[in-house]
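Me: I am new to this structure and would like a close look at a single part of it, the cysteines. Please set that part in the context of the chain around it.

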Amino acid sequence: MEHYTVLLADDEEEVIQAIRKKINWSELGFSVMGHATNGVKALEMMEEAQPDVLMTDIRMPYMDGIELANRVKAQYPSTKILFFTGFDEFEYAKEAVHLEAEEYILKPVNSAELTEVFTKLKTKLDQEISEKRNVETLQKYYMESLPLLQANFYASLIEGKIHEDELSKSLSNYQIEFPGPFYCCLVIHTSASQTPGDMNPMLLSASVQKQAVEHLALKWRAKCFSYLENTILLVQLHRKNEAAELTDDCDRFCKYALRILEAVVTIGIGQACESILSLSRSYESAREAVSYRAIYGASRAINMKEVVPGKPGGRDNSANDSELLNLFKMIRLGGEQDVEHAVGRYLSHISFPDKSLLQHHVDIMELISALYRFSINQDIVVEEVCRDIRNLYNRLLDMEPDALHKWLLDISLSCREKIFSARNRSTQSFVARAQEYVSNNYMDEELSLDSLCEILGVSNSYFSTIFKKETGHSFIQYLTDYRMEQAAGLLIGTNEKSYMIAKQVGYTDPNYFSYVFKRHFGVSPSKYRTEHAKT
C-alpha cells in the first residue's frame with residue numbers, strides 16, 4: 001500500500017488546517033483524505049472511505065469523539081484511532097485507553113510530536129499488512145487450517161451424507177458444539193483470475209479464509225473449512241431475522257478484503273434453517289447465490305432470499321439430469337446465447353437415436369413436469385406449460401427433433417424474459433415503497449436506514465446498492481434532500497419558528513438542523529426565508 005489514509009475530525013477549521021501543515025504527510029507514508037467538523041459527518045465519511053487512521057478531537061457538536069470512536073471501533077475494527085484535545089481530564093484518558101486508542105495527544109500539537117506518532121503508526125500498520133500478506137504464514141495456515149476429521153465431517157454435512165441417527169455421535173466424537181438454534185451456510189468465493197502481483201490464488205484464498213475467521217466466525221459462532229476451492233462458514237443464528245444483519249457484515253468484509261488483501265471476494269448467503277441436517281439445502285442456495293455475481297457484481301455479499309423473486313433459495317428437484325439443471329440455471333442467469341447452447345446440450349443428451357420410444361416418452365414427461373415446477377418455483381406463468389399439460393404432452397410426442405428444439409428454445413427464452421422482468425419489478429417495487437414511506441414518515445426523528453430496511457425485510461447492503469442504482473442517490477442523501485425541501489417550503493409558506501420547522505421535518509436538535517440546511521442550500525434557514533420573501 002503506497003499511502004495510508006487519514007481522516008481528521010475537529011470542530012475548529014483552523015486547527016485542522018494547522019495539523020495538515022505541521023508535517024510532511026507524504027514523506028511519512030500518509031495522505032489526508034478529508035476532514036469533518038463534527039462527529040456525525042466524520043462517521044458518514046468513515047462509511048464512504050474507510051480510512052486507515054481516524055484522528056479526532058473529543059469535544060465536538062452532534063456527536064463527540066468518544067462516541068465516534070466507539071462506533072468506528074465496532075464497525076471498522078482495523079481503523080487506528082488517535083485522540084487530540086485541549087482537555088486533559090483523567091476520565092477522558094481512561095476512556096481512550098479502554099477504546100484501545102493509539103495515542104492521546106494534548107493541544108496544541110507540535111510537529112515533532114506529531115511526526116513521531118505517525119512514524120510509529122506507519123511501522124505498526126506496515127507490520128500488520130506484512131503479516132496478512134506474508135506468503136510463508138499463509139502457506140502454514142493453509143496446511144494447518146482445520147483438523148482433518150472436522151473438515152471431513154463438515155463436508156459430509158453439506159453434501160447431505162450425514163444421517164440423523166449418527167449426527168449426535170459424530171458431534172461428540174469430533175468435539176463440535178453446534179447449539180444453533182438456527183443455521184445458515186456461507187460460501188466465500190475468492191476470484192482466482194484477479195490476484196495481486198504473482199501471488200498464488202490458493203494462498204490468496206487462504207489469506208481470505210484467515211481474515212474471515214477473524215472478522216466473521218467469532219461473532220456468528222461459525223464453523224470454517226475449505227470445500228471445492230471455496231471457504232465455507234456454517235453460521236449459527238439466534239433468530240432467523242438475523243440474516244439481514246449477517247448480510248451487512250458479509251458485505252463489509254468483502255470491501256475489507258478488496259482494500260487490504262486486494263482480493264475480489266463474493267459471499268453467497270444461503271437460506272436459514274432450523275436443523276443441522278438441513279445445511280445441505282442452505283449450502284445449495286448459497287452456492288447458487290455466488291453465481292449471481294454475474295448480475296449483481298463481485299466484491300459483495302449476495303443473499304439468495306433477496307435476489308430471487310418468488311420463492312427464494314428454492315431448487316428444482318424434479319429432474320436429476322445435470323443438463324436440465326444447467327438449462328434452468330442459464331434461464332435464470334445467462335444470456336440468450338447461453339440459453340440456446342444449454343437447450344442444444346440438453347436435447348443432445350436425450351437424442352432420439354440413443355433412446356427407446358418408451359424412454360423418449362418418459363423424457364418428454366419429465367421435461368414438461370420440470371418446466372411446470374420451475375415456473376411455479378419462480379412465480380411465473382408459462383401459459384403453454386401451465387394450461388393443458390395433457391394436450392401439450394401429446395403434441396410434443398409428435399414433434400420431430402428440429403420442431404422440439406425450436407419449441408423448447410422459445411419456452412426457455414420466454415421464461416428468461418419473465419424472470420428478468422419479475423426481478424426488475426421486484427427491485428422497483430421496494431424502491432417505490434421506500435420513497436413512499438419517506439414521504440409519509442420524514443417527520444419521524446427515528447427514521448433511518450436500519451429502521452426502513454427492517455420494515456422492508458431486506459439487508460442494508462442490498463437495499464443501499466439497489467436504491468442508489470435506481471435513484472442515483474444513497475438513501476441517507478435522499479432522506480436529507482427530501483427533509484430539506486420540505487423545510488424550505490415551510491420557511492417560505494409559514495411564519496413558524498425555525499426550531500419548530502426543524503421538529504416538523506425530523507430534527508430534534510435545531511442547531512444540527514441549521515447546520516444541515518446550510519450545507520444543503522448554502523445559507524442559514526433565516527437568511528433563506530429573508531431572501532425568498534423578497535422575491
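Reply: A disulfide is counted here where two cysteine sulfur atoms lie within 2.5 Å of each other. In general terms, a disulfide is a covalent bond between the sulfur atoms of two cysteines. The model is a predicted one, and a search through the whole of this structure finds zero disulfides.

Two cysteines show how this comes about. For C185, the closest cysteine sulfur belongs to C184 and is 7.1 Å away, which is too far for a bond. C185 is also buried, because its relative accessibility is 0% and the cut-off for buried is under 20%. C250 is likewise in no disulfide; the nearest cysteine sulfur, in C254, is 6.9 Å from its own. With a relative accessible area of 0%, C250 counts as buried.

The chain as a whole gives the setting. Of its 535 residues, 46% are buried. Its secondary structure consists of 26 helices and 10 strands. If contacts between residues at least 6 apart in sequence are taken, 69% of them join residues at least 24 apart. The chain exposes about 26,900 Å², and 48% of that area comes from carbon and sulfur atoms.

C185 belongs to a stretch that can be followed a little way back along the chain. The loop between α9 (164–173) and β6 (182–190) holds P181. The peptide bond that leads from G180 into P181 is cis, with omega near 10°. Q175 is in the loop between α9 and β6 as well. Although Q175 is not a glycine, its phi is positive, at about 55°. Q175 counts as exposed, because its relative accessibility is 70% and exposed means over 50%.

A residue with a similar description is E229, in the loop between β7 (223–227) and β8 (230–237). Its phi is near 65°, again a positive value in a residue other than glycine. E229 is exposed, with a relative accessible area of 66%.

For C250, the next element to look at is α11, which spans 243–260. Along with α6 (111–133), α11 supplies at least two residues of the lining of the largest cavity. The structure has two cavities of 30 Å³ or more, and the largest holds about 90 Å³ of space. Its lining is made up of 11 residues, and those nearest its centre are D52, S78, L125, I129 and I260. α6 gives the most to this lining, with four residues. Sorted by class, the lining has five nonpolar, one polar and five charged residues.

Further along the chain, E446 is found in the loop between α20 (401–441) and α21 (449–456). At 56% relative accessibility, E446 counts as exposed. G506 is 60 residues from E446 in sequence, yet the C-alpha atoms of the two are 7.8 Å apart in space.

To return to the cysteines: the structure has zero disulfides. The sulfur of C185 is 7.1 Å from that of C184, and the sulfur of C250 is 6.9 Å from that of C254.

Definitions and conventions:
Residues are numbered from 1 along each chain as its sequence is written. This is a predicted model: local features need pLDDT of at least 70, side-chain atom pairs count only at pLDDT 80 or more; totals for chains, interfaces and linings use all residues. Side-chain values use heavy atoms; hydrogens and water are left out. Buried means under 20% relative accessible area, exposed over 50%, partly exposed in between (1.4 Å probe, protein chains only). Contact means heavy atoms within 4.5 Å. Accessible areas come from the Shrake-Rupley method with a 1.4 Å probe; for residues, only the protein chains shown count as cover. On a 1 Å grid over the protein atoms alone, a cavity is a set of points where a 1.4 Å probe fits but cannot get out, and a pocket is an open set with protein on both sides within 12 Å along at least five of seven lines; lining residues have an atom within 4 Å of a point. Grid points are joined across faces, edges and corners, and a volume is the space filled by probe spheres set on the points. Ala, Val, Leu, Ile, Met, Phe, Trp, Tyr, Cys and Pro count as nonpolar, Asp, Glu, Lys and Arg as charged, and the others, Gly among them, as polar.
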